[in-house]
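Dear colleague,

I am handing over the structure below, together with some notes on what came out of going through it. Please read the notes with the coordinates open beside you.

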Amino acid sequence: RLRDREFKQLHKIDRALERIRDGSYGWCRDSGEPIGLGRLLARPTAELCIEAQERHEQAESGLARSRQT
């Protein structure tokens, strides 16, 4: 599990470095809005602003609930 978690984190870091190179780092992947500095400081690999992340998590939880029924 630890190796899998580290592999996923390395992949996220690689994607963040690619976004730095192409100039899209710090901008929300979904909305195009800037990702807040506080969020980037807390999670430098963030691809979504807070609002988009919350929508994404709500959609995921809705899918999980629908699978249970």
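**Salt bridges and a surface patch**

A network of salt bridges links Arg-15, Arg-19, Arg-29, Asp-30 and Glu-47. Please keep in mind that this is a predicted model; a search of the whole structure finds six salt bridges in it.

Within the network, the side chains of Glu-47 and Arg-19 meet in a salt bridge, at 3.2 Å from N to O. This pair links distant parts of the chain, since Glu-47 sits in the loop between helix H2 (37-42) and helix H3 (50-68) while Arg-19 belongs to helix H1, 28 residues apart. Both Glu-47 and Arg-19 are buried, and Glu-47 counts as such because its relative accessibility is 14%, where buried means under 20%.

Glu-47 also forms a salt bridge with Arg-29, with the closest N and O atoms 2.6 Å apart. Arg-29 lies in the loop between H1 and H2 and Glu-47 in the loop between H2 and H3, so this pair ties together parts that are 18 residues apart in sequence.

Another salt bridge joins Asp-4 to Lys-8, the closest N and O atoms being 3.6 Å apart; both residues lie in helix H1, four residues apart, which is about one turn of the helix. Asp-4 is partly exposed, with a relative accessible area of 42%.

Turning to the surface, Leu-10, Ile-13, Leu-17 and Ile-20 form a nonpolar patch there, and together they have about 350 Å² of accessible area. Of these, Ile-20 is found in helix H1 (residues 2-22) and is partly exposed, at a relative accessible area of 48%.

With best regards

Methods: Residues are numbered from 1 along each chain as its sequence is written. This is a predicted model: local features need pLDDT of at least 70, side-chain atom pairs count only at pLDDT 80 or more; totals for chains, interfaces and linings use all residues. Side-chain values use heavy atoms; hydrogens and water are left out. Patches are made of residues with over 30% relative accessible area and no salt bridge: like charges are joined within 9 Å, nonpolar side chains (Val, Leu, Ile, Met, Phe, Trp, Tyr) within 5 Å. Accessible areas come from the Shrake-Rupley method with a 1.4 Å probe; for residues, only the protein chains shown count as cover. A salt bridge is a side-chain nitrogen of Lys or Arg within 4 Å of a carboxyl oxygen of Asp or Glu. Helices (H or I, at least four residues) and strands (E, at least two) are DSSP runs, numbered from the N terminus. Buried means under 20% relative accessible area, exposed over 50%, partly exposed in between (1.4 Å probe, protein chains only).
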